[in-house]
Amino acid sequence: MSQHFETQAIRINSSKSNQKEHSSPIYLTSSFTFDSAEEARATFADEIPGNIYSRYANPNTSELIEKVCAAEGTEDGIATASGMAAMFASMASLLQQGDHILASRSLFGSTHQLLTRIFPKWGISSTYGDISDYTNWDQLVQPNTKMLFLETPSNPGLEIIDLEWAGKFAAAYNLILVVDNCFATPYLQQPAKWGAHLVAHSATKFMDGQGRVLGGLILGKKELIKEIQFFTRHTGPAISPFNSWILSKSLETLAVRMDRHCSSALKIAEYFEEHPEIERVNYPFLKSHPQYHLAKKQMSQGGGILTLQLKGGLDRVQKFIDHLEMISITANLGDSRTIITHPASTTHSKLSEEERLRVGITDGLVRVSVGLEHPEDILGDIDKALDQSKK
C-alpha cells in the first residue's frame, strides 16, 4: 500500500465483514462468541488473535488504532473513552508509588491537575521544566524520575518543544518520553520520529473534526502499549465502537481539513498581527513566534490554533467575546466551526494566577480554534467584534 497519509487513512479498512460492504460497518456489540471452549481459552490466553469483549477490543477500535499507528509511525496503540483518559492511562499504567515525572510547564489544565492534585495522593511526584532554557533540565532529573511528559504545541500558549532534544534527553536519562500531539495531529507532526516512546491524543479535537464524539489515543512502543493495555482493560476507560467508527471515518478527511485549518489560521494570524487593537498574535508559523524555526523544523504546517492578546484587559475581552456573531463560545477545539475560548476563566481557571502567568495565560488572552468557514468570514466577525468592544 502507498505510504501517503491520505491513502492510508482512507484505505485501511480492517473491520470489514464478509458482506462485501464498501464502508466499514459498526460493531455495536458488547461481546463476541467462540466456536469452541478451546478457542475461548486460547483467545483469553493471548495464544491466538480474536475479539473477546468490547472493553478489551472491538473491530472498529482496532481499525482506528491501525490507522493512527500508520500515521504516527508507531508499533501499536490503545483507544480510550476521552483524551484525558489517554493522558491519565499513559502515565498511571507505567508509574508506581515513589516515581517522579518531569514535565513541560505549559500543559492543558486537566493534565496539570493530574500532576499536582491526583498523582501526589498515590505517591507520584512531578516537577515542571521551563522550555526557554533546556540547560537547566539536567538539574531537574531525580534518581526516581521515570517519565518525561511534554505537550507541543502547548495548550493554549502554543509553545514549541524541540522534539529532537527531547528524544536525546530522554535516552540519556533512560526516561519514557510521552508527547501530547493533540494540537498538531499526526498529519502535521510525528513525535515518534524524534524518539517519543508514546504519543497521546485527544481524538475529540481535530481527529473527529466536527465536535461530535469523545475519544483518546495512546500510540507507541509495543512493550509499553502491552502494559497500558493491561491497565485499561481492567480499569475500564473503553471507547465505544460507535465513537471508534466515527473517528476512523473522520481520519479519511483529516488531511484536507487540516490543510484548510492551517491555511486559514495563518491568514488570520498575519492579518491581526498588524491590528491596532491586538497586543500580540501567537501562531507557530508566524515569523514573530519565538520558536518559529523550530516549528518549521518539526511541523509541516502551523496548525489550526492561534491566540490573540487583546488590549484593555478582562473587561475588553468579555465585551469582545460577547460581540462575536458567528464564532462559537465553547471550550472545545478542532471543530469545523470556529471556536473562541478564554482560557483564564475556563479551561485553565483551576490554576492559580501565578501558575497561569508562568505559561503566558493572562486575562487578555483568547484562544481561537480556526474552523472551516471561509477565512474572510472569520476575519470579519473578529474585526467587527474588536471594533464594537471599544465602545
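**Reasoning through a predicted model**

Student: Why is Asp 76 called partly exposed?

Tutor: Asp 76 has a relative accessible area of 24%. Buried means under 20% and exposed means over 50%, so a value in between is called partly exposed. Therefore 24% puts Asp 76 in the partly exposed class. Keep in mind that this is a predicted model.

Student: What makes Lys 222 and Asp 76 a salt bridge?

Tutor: Their side chains meet at 3.7 Å, N to O. The cut-off is a Lys or Arg side-chain nitrogen within 4 Å of an Asp or Glu carboxyl oxygen, so this pair passes. Lys 222 belongs to helix α8 (residues 222–235) and Asp 76 to strand β1 (residues 76–80), so the salt bridge ties together parts 146 residues apart in sequence. Lys 222, at a relative accessible area of 45%, is partly exposed.

Student: How many salt bridges are there by this rule?

Tutor: The count comes to 15. Another one pairs Glu 376 with Lys 267, at 2.7 Å from N to O.

Student: Why can we say that the pair of Glu 376 and Lys 267 links distant parts of the chain?

Tutor: Look at where they sit: Glu 376 is in helix α14 (residues 375–388) and Lys 267 is in helix α10 (residues 254–272), 109 residues apart. As for exposure, Glu 376 has 40% relative accessibility, which makes it partly exposed. Lys 267 is partly exposed too, with a relative accessible area of 35%.

Student: What about Glu 325 and Lys 384: how do you know that they form a salt bridge?

Tutor: The N to O distance between their side chains is 3.1 Å. That is within 4 Å, so the pair counts. Glu 325 is in the loop between α12 (313–323) and β10 (328–329), and Lys 384 is in helix α14, 59 residues away.

Student: Why is Glu 325 called exposed, while Lys 384 is called partly exposed?

Tutor: Glu 325 has 58% relative accessibility. The mark for exposed is over 50%, so Glu 325 qualifies. Lys 384, at 40%, falls in the partly exposed range. Elsewhere, salt bridges with shared partners join Asp 162, Glu 164, Lys 168 and Lys 297 into one network.

Student: Let's turn to Asp 208. Why is Asp 208 called buried?

Tutor: Its relative accessibility is 0%. Buried means under 20%, so Asp 208 is clearly in that class. You'll find it in the loop between β6 (198–202) and β7 (216–220).

Student: Which residues does Asp 208 contact, leaving aside neighbours within four places in sequence?

Tutor: They are Ala 203, Val 213, Ile 246, Leu 247, Ser 250 and Arg 257.

Student: What makes the approach of Asp 208 to the backbone nitrogen of Arg 212 a polar contact?

Tutor: A polar atom of the Asp 208 side chain lies 2.6 Å from that nitrogen. The limit is 3.5 Å, so the distance fits. The Asp 208 side chain also reaches the backbone nitrogen of Val 213, at 3.1 Å.

Student: And how do you know that Arg 212 is partly exposed?

Tutor: Arg 212 has a relative accessible area of 41%, and that value lies between 20% and 50%, so partly exposed is the right label. Arg 212 sits in the loop between β6 and β7. It touches Ile 246 and Ser 250, not counting residues up to four places away in sequence. With Ser 250, Arg 212 makes a side-chain polar contact of 2.5 Å.

Student: Ser 250 is in α9. Why is α9 called largely enclosed?

Tutor: Eight of the 11 residues of α9 are buried, so the rest of the structure largely encloses the helix. Among them are Pro 241, Ile 246, Leu 247 and Ser 250. The cover over the buried residues includes α1 (5–11), α3 (59–72) and α10.

Student: What makes Phe 242 part of a nonpolar surface patch?

Tutor: Phe 242 is in helix α9 (residues 241–251). At 37% relative accessibility it counts as partly exposed. A patch residue needs over 30%, so Phe 242 meets that cut-off. Together with Ile 26 and Leu 28, Phe 242 gives a patch of about 280 Å² of accessible area.

How values were computed: Residues are numbered from 1 along each chain as its sequence is written. This is a predicted model: local features need pLDDT of at least 70, side-chain atom pairs count only at pLDDT 80 or more; totals for chains, interfaces and linings use all residues. Side-chain values use heavy atoms; hydrogens and water are left out. Helices (H or I, at least four residues) and strands (E, at least two) are DSSP runs, numbered from the N terminus. Buried means under 20% relative accessible area, exposed over 50%, partly exposed in between (1.4 Å probe, protein chains only). Patches are made of residues with over 30% relative accessible area and no salt bridge: like charges are joined within 9 Å, nonpolar side chains (Val, Leu, Ile, Met, Phe, Trp, Tyr) within 5 Å. Accessible areas come from the Shrake-Rupley method with a 1.4 Å probe; for residues, only the protein chains shown count as cover. A polar contact is a pair of N or O atoms within 3.5 Å; within protein, one must be able to donate a hydrogen and the other to accept it, and residues adjacent in sequence count only if both atoms are side-chain atoms. Contact means heavy atoms within 4.5 Å.
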